[in-house]
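Colleague: I have a new model open on my screen and would like to learn how to read it. Could you walk me through it, one feature at a time?

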Amino acid sequence: MANQDPVNPAHTLFDLFVQAQRCVDVKQHFAELCRQLTLNPKDFRNFYSKLKERLNYWKAKSLWTKLDKRASHSEYQQRKACIKNKCLVLGAGPCGLRTAIELSFLGAQVVVVEKRESFSRNNVLHLWPFSISDLRGLGAKTFHGKFCTGSLDHISIRQLQLILLKVALLLGVEVHTGVEFLGLNEPSGENGWMAKLKPETHPAATFQFDVLVSAGGGRFVPDGFKHKELRGKLAIGITANFINRKTAAEAQVPEISGVARIYNQKFFQQLLSETGIDLENIVYYKDDTHYFVMTAKKKSLLEKGVIKEDHSDAEQLLAPSNVDYKALHLYAHDAAQFSTGGNLPHLQFAQNHLGQPDVAMFDFTCMYRAENASLIRERRGKKLLTALVGDCLVEPFWPLGTGIARGFLASFDTAWMVRSWGLGVPHLKVLAERESVYQILSQTTPENTSKNYGSYTINPRTRYVTVNLSSIHTNQVRTLYLCNTVDKSSSLNSASGIKELLAWCQKNTAGYNKVNVNDFSQSWRSGLALCALVHRFRPHLIDMSSLDESNAVYNNQTAFSILEKELGIPPVMSARDMASNSQIDNLSMVFYLTQIQEAFNVSAKAKASGRSYLLIPVSSVSCLQPVQQEHSDVSAIVAKLISFPDILLSFPTATEPADFLPPSKPLTLSQTQSALFFLTKLKHNSLQRRKVSPRTSKPLPSPELPPVPAAASEPAPQPEVLMANSEECYFCGQRVYVLERISAEGRFFHRSCFTCHQCGATLRLGGYTFDPTTGRFYCELHSEELELADGAEPSSEVGHRQNRSGCSDSTLVRLHDPVASDRVSTDGIVCV
């Protein structure tokens, strides 16, 4: 008998790695496999290719084929799209690991940190068809032979984590368990962004990264993100896991995909009469455990003694001190026993990670979702892209089985965003595109996503049937760019700058009677200090001898009016508030005085040079979109302005050629706002004229446009820069100050005045509908009614300029909140 070939140790270790059923075993066998093959797992760029080369094993080849097919997607650019990026992923749950895998395919260096040391969550997840196809493409059947072989498609969280962990490790992702994320260490010196970890001495604490992905689960989100609460009727869920001994008798018990009271009242009435248990629905999945999840009625829980005392507040109602856990265990056991007809013998609870019976009661009355999916931080010139995935982005509604499906979709969307980041796409465009995709995530179902699962990539267009990647504009996401870099030219960004501003104020008010500036609050209450500043630079505009210190309202109003009229600087508060408030806001005064300082300084330089000019950085006007060619009277002007590195409105002197461009100097905030409003109004008025006379071939002159001086031998006059008035509320007509002002559709108003024309409900920027024909704003509910009243068909695509048949049927401008409710059926596409 011939001698058998010796067993290859690497093959044995690979088999152990594939079959491992605990996180610690997976990591141990992987480390041993790397040592056996003399591979360095930290060599993330070359690890996977070297592993394939050195592990020539037939059982591994089918896995390499699947992973190579995924890596061949053009979006990854042969794993070079993000080759310069370093990513830290918080949480080794299914969504965190799935995101890490995609980032690795993009070529980034990826490190995952997980607080827990083991994977112990027995709860079972329902999988949408695309999720099954996706996991099969990653070799799920290799790691878990029973993957989706039952009549229902589901998998336990623990088993899914093990599959994704193994794939991530094979692709070169570093995964560290037992490591807790405590916060961020901002850049300092030569160091970039790093994480505060526990333990502090962990090697991952020295990892510098430019992308942070939070997949921490639940309501954990990094600083800078806000959650939105969606409150519904009280709903109490109970989950229970029982040991699956995998006997023949257990295998015969049918699963329950979901039984609801409204479809099977007889079942629930019988359950109530025989056991006293009153449920709304129940689900039973058979996996590593026998998993039950049910919605129980509060009255039933009180009568069965599960809840000790009734409370109107859900937190108090389900507080651990108000729950009898023995009664809860009996309640879950009896419900499981009845729903399976008593055919599951010896029902015994499985153990959770604390070694206790795996039974939990929770409240899903309030669902939470993040208001935005991404943001960028910049400190000392180092930028950090931060993203949310999983439950901390959108808390799932478990009866619909949306958690893992939408979690994976968000992982792909995040990878697409990181790809754009790595390829150098402008930062605000990266954010705007991510938020555009995020606003449709809540409405995704198996029915309205693409059925061609094999073509799914990280590109959103391959997965969402209707997606507009530019429905959110860059000017709408500016607040998501958090920049605290030091700017030496701005007195607002450093303590020394504020001291310089105070010194400037003291210098230019020195010598005035009853004026003593020593702070940014009480020194300015009487109004004399402001008037003194005006008098210092414009002595002909104000008579200081006529002012009385006791008449603070008059003094402040005098200064406010002159500064607004002469310099275009709107007041930050009313004169009465300035005089009567017990404490003037320091930041408001610094903001106001900085504009005054810059305006007087610029004015002095312009006077010395004998010219007047207005320079607007392109970044300040990114909200201006290119206009259609048919509006030639405006498009030629705006297009010419946008074509320069900086937008310049210049008025030449007699000694300078018309095309002379003065040195670049940034605008003050008030000048930028006024210029933007001027250009927006110019465009708007032209569009209105085109509506009135669409066949007019000769461009009509714009009353707001300053005449452009023609080249001639005669000296051209120097017109003053036109400062548009934007200080009246569009709704109430009253004065609106800078600190209380918001704007939409080129209109300014008080926050409290921004309400629905129909019902008076307060509107949110990014969540309203505007009718340009009437100039009215509506909430989403009444925008639907308005469209139906106009004869439009109710559709998930209302908001398009054009419907599928090509007919123009809507002129409404609709902006959707990226965190809209699951019940909102619209797709978030903007019609302009």
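Modeller: Happily! Let's begin with a cut-off: a residue is called buried under 20% relative accessible area, exposed over 50%, and partly exposed in between. Please keep in mind that this is a predicted model.

Colleague: Let me try that on a cysteine. Is C732 buried, exposed or partly exposed?

Modeller: C732 has a relative accessible area of 36%, so it is partly exposed. C34, by contrast, is at 5% and therefore counts as buried.

Colleague: And how many disulfides are there?

Modeller: A disulfide here needs two cysteine sulfur atoms within 2.5 Å. By that rule the count is zero. For C732, the nearest cysteine sulfur belongs to C729 and is 3.6 Å away, and C732 is in no disulfide.

Colleague: Now the sheet. In what order do the strands of the open sheet run?

Modeller: Reading across it, the order is 5-2-1-8-17-16-18, which makes seven strands with mixed pairing. Strand 5 and strand 18 (481-483) each have a single partner strand, so they stand at the edges and one side of each lacks a neighbour in the sheet. From one strand to the next, the twist averages 20 degrees.

Colleague: Which helix packs on the sheet by touching strand 16, strand 17 and strand 18?

Modeller: That is helix 15 (residues 427-438), whose direction makes about 160 degrees with that of strand 16 (374-379).

Colleague: How do I follow the pairing from strand to strand?

Modeller: Look for bridges. Strand 1 (residues 86-90) pairs with strand 2 in the parallel sense over five bridges, and K86 stands opposite Q109 of strand 2. Strand 1 also pairs in the parallel sense with strand 8 (residues 211-214), over four bridges; there, L88 has L212 as its bridge partner. Strand 2 in turn pairs with strand 5 (residues 174-177), again in the parallel sense and over four bridges, with V113 partnered by H176.

Colleague: What kind of unit do strand 1, helix 5 and strand 2 make?

Modeller: They make a right-handed β-α-β unit, with helix 5 covering residues 94-105.

Colleague: How should I think about the two faces of a strand?

Modeller: In a regular strand, side chains alternate between the two faces of the sheet. Take strand 2 (residues 109-114), where six of six residues are buried. Q109, V111 and V113 lie on one side, V110, V112 and E114 on the other, and both faces are covered.

Colleague: Let me look at a charged residue in a helix. Is D134 buried or exposed?

Modeller: D134 has 8% relative accessibility, which means that it counts as buried. You will find D134 in helix 6 (residues 129-137). Beyond residues up to four places away in sequence, D134 touches R70, R98, F408 and F412.

Colleague: And what about a loop residue such as H353?

Modeller: H353 sits in the loop between helix 13 (325-339) and strand 14 (359-363). Its relative accessible area is 45%, so H353 is partly exposed.

Colleague: Which residues is H353 in contact with, leaving aside its neighbours within four places in sequence?

Modeller: H353 is in contact with R116 and S120. H353 and S120 are 233 residues apart along the chain, yet their C-alpha atoms are separated by 5.5 Å.

Key: Residues are numbered from 1 along each chain as its sequence is written. This is a predicted model: local features need pLDDT of at least 70, side-chain atom pairs count only at pLDDT 80 or more; totals for chains, interfaces and linings use all residues. Side-chain values use heavy atoms; hydrogens and water are left out. Buried means under 20% relative accessible area, exposed over 50%, partly exposed in between (1.4 Å probe, protein chains only). Helices (H or I, at least four residues) and strands (E, at least two) are DSSP runs, numbered from the N terminus. Two strands pair if DSSP finds at least two bridges between them. A crossover is right-handed if, with the strands pointing away from the viewer, the path from the first strand over the helix to the second runs clockwise. Contact means heavy atoms within 4.5 Å. Axes are lines fitted to C-alpha atoms, for helices over the stretch in contact, and angles run from 0 to 180 degrees between N-to-C directions.
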